[in-house]
Amino acid sequence: MDTSAAPAAGRIEIDGRIFNPYAKDYIREPRPVWQRLLRDYPLAWHKDLQMWLVNSHALCDQVLKDQRFTPNYRAWELAPPPKAEADKTDFDLAYEKGFFAVSPKDHLRLRKLTMPAFAKPVMAKIDAKIRDLVVECFDAIGEAESFDVYQTIASKLPVRAISRMVGVPTDKEEFFHEFAVNIIKATRINISAKEREASVELTKPGFAYFKAQIAERRALPHPGEDFLGSLVGASDNGEKLDDYEILSVLFALITAGSDTATDLHTFAILGLLSNLDQYELLKRQPQLMENAIIELLRWGSFGKVPFFRFATEDIEFHGQFIKKGQAVGVNISAAWLDPAKYPDWDRLDLQRRLDGNLVFGAGAHFCIGTYLVRVQGGLMIQEFIKRFPDAELLDGTGELDYDYQHHNARRINRLMVRTNRSSSSLQQAA
Ligand code: HEM
């Protein structure tokens, strides 16, 4: 299919001069770019990225709920040819059985069978399991006058929280971390084939470990009531999850739940300390926490590239013609700041009404990890408030640094915070 042909009549087109997700200026300050897209190009064909870009809240919501748009990249006209069966690694097989690769019918089955593992009785125990992790991260700060939120919290907590959720023993946490890092690396779009192969190779011990764990559970009369046990024991009319389906769930938790949570921690602290009235409000009204976390994610809007969908048939969409096989970028980061949905879009308002928000997506692929986000984010912010009620961004800016090479996020990899406003003011006065 030739997507580089002359513009179809009436096709609205943009290029990298309007939206370049890897430009440093955009990563530092994306809001003007998003506001222009929202105002002038709610839907447009991006010539350089060779995909449709959907920006407005209303249109993103529609695409996410429309099953004619699939997240399975095999439906993409530019997808590389599939590997021969014999060449497939555990990594490939776990990916193929996963949430983003299976048909809508199999996806529904997967969601149904994985539901017990994410249900309240299993999840309620996560709170206790990760509380000490949070405390440990804060203990490491000690009496320091300032510290880097990324190094001490954001880069440490998410993978360890997932490892606790999955039930990895403490002495295997480093091993799990290595597995997770390589899974994430191997799914990145901006690395060479050689680098990808090297990372896939390094995931092998992790897959072997979990296959053995699954086999052990299957051999027991009852697989257990923890997360892994719930996946092994799940049954729907006698149908069970096979090994690669269970591995695909682990794969999804790692890829969808660790990078996102890293950014949750940095952007939450950045949001609160650059809006001290809201920080004070949350201190006074801790019951706002759940709403606060969603609003902090919305306001921080840390994604830099859109989510992918691929058209499974020719689709007339709001006056534009999307051909079967074309990629569609759902730019939810822009949508979160759409004035049509949020007239005061730029304001952090922890009491904002957030009905119908797209922070965790919409439709069939709605985020499965919201409970872990609430627990992890809530515990971290609570502990931060308890220890540093008078914190402020160092030098008023927090000495922000971004990892410009990050594959999909506006990753802050340095956020300096002064632990105590009054002590620094006292020093200045002395
Ligand atoms: C911290 C913030 C997080 C945000 C903002 C977030 C957001 C999202 C969004 C927008 C989607 C939909 C993606 C799409 O439609 O293409 C999604 C899906 C998903 N998320 Fe999250 N997520 C977060 C954390 C987590 C965590 C901690 C986990 C796991 C423990 C997780 C697991 C998943 C999974 C497995 C899916 C795919 C579900 C499916 O396809 O059926 N997420 N998430």
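Let's start with strand 8, residues 307-311, where 4 of the 5 residues are buried, so the strand is largely enclosed by the rest of the structure. Keep in mind as you look around that this is a predicted model. Strand 8 has partners you can trace by eye. Strand 4 (residues 69-70) pairs with strand 8 in the antiparallel sense through 2 bridges, and there Phe69 has Ala311 as its bridge partner. Strand 11 (residues 327-330) also runs antiparallel to strand 8, joined to it by 4 bridges. If you want a landmark in that pairing, find Phe310, whose bridge partner in strand 11 is Ala327.

How far can you trust what you see? The protein chain has a mean pLDDT of 92, and 95% of its residues reach 70 or more. Residues 1-6 call for some care, since the pLDDT there is below 50, and this stretch has 5 contacts in the model beyond near neighbours in sequence.

Moving on from that stretch, we come to strand 1 (residues 13-14), which runs parallel to strand 2 and is joined to it by 2 bridges. Here Glu13 stands opposite Trp45 of strand 2. Strand 2 itself covers residues 43-46, with Leu43 and Trp45 pointing one way and Ala44 and His46 the other. Are these residues buried or exposed? On both sides of strand 2, they are buried. Strand 2 also pairs with strand 3 (residues 51-54), this time in the antiparallel sense over 4 bridges, and Ala44 finds its bridge partner in Leu53. The hairpin made by strand 2 and strand 3 has 4 residues between the strands, and Gln50 takes a positive phi near 55° in this hairpin.

Another sheet is worth a visit. It is open and built from 3 strands in the order 5-15-12, with antiparallel pairing. Strand 5 (146-148) and strand 12 (392-393) are the edges: each has a single partner strand, so one side of each is left without a neighbour in the sheet. Strand 5 and strand 15 (residues 416-418) are paired over 3 bridges, and Phe147 has Val417 as its bridge partner in strand 15.

Now for the ligand. There are 24 residues around it, and the ones that come nearest are Phe99, Gly257, Gly361, Cys367 and Gly369. Helix 13 (243-257), helix 14 (259-273) and helix 18 (370-387) are the elements that give two or more residues to this shell. Which of them provides the largest share? That is helix 13, with 4 residues. By character, the shell holds 18 nonpolar residues, 5 polar and 1 charged.

Two of these helices deserve a closer look. In helix 14, 14 of the 15 residues are buried, which leaves the helix mostly covered. Its 15 residues should span 21 Å at 1.5 Å a residue, and the end C-alpha atoms lie 22 Å apart, which agrees. Helix 18, with 18 residues, reaches 26 Å from its first C-alpha to its last, close to the 26 Å expected. Its buried residues are Leu372, Val373, Val375, Gln376, Gly377, Leu379, Met380, Ile381 and Phe384. As you read along such a list, it helps to remember that an α-helix has 3.6 residues a turn, so residues three or four places apart point the same way. The cover over the buried residues of helix 18 includes helix 6 (120-139), helix 7 (149-154), helix 8 (157-166) and helix 16 (289-300), along with helix 13 and helix 14, two of the elements we met around the ligand.

Definitions and conventions:
Residues are numbered from 1 along each chain as its sequence is written. This is a predicted model: local features need pLDDT of at least 70, side-chain atom pairs count only at pLDDT 80 or more; totals for chains, interfaces and linings use all residues. A residue is near a molecule or strand if its C-beta atom, placed from the backbone, lies within 6 Å of it. Ala, Val, Leu, Ile, Met, Phe, Trp, Tyr, Cys and Pro count as nonpolar, Asp, Glu, Lys and Arg as charged, and the others, Gly among them, as polar. Two strands pair if DSSP finds at least two bridges between them. The expected span of a helix is 1.5 Å times one less than its number of residues. A residue is buried if 20 or more other C-beta atoms lie within 10 Å of its own, exposed if 12 or fewer, and partly exposed in between; C-beta atoms are placed from the backbone. pLDDT is the predictor's confidence in each residue, from 0 to 100. Two residues are in contact if their C-beta atoms, placed from the backbone, lie within 7 Å.
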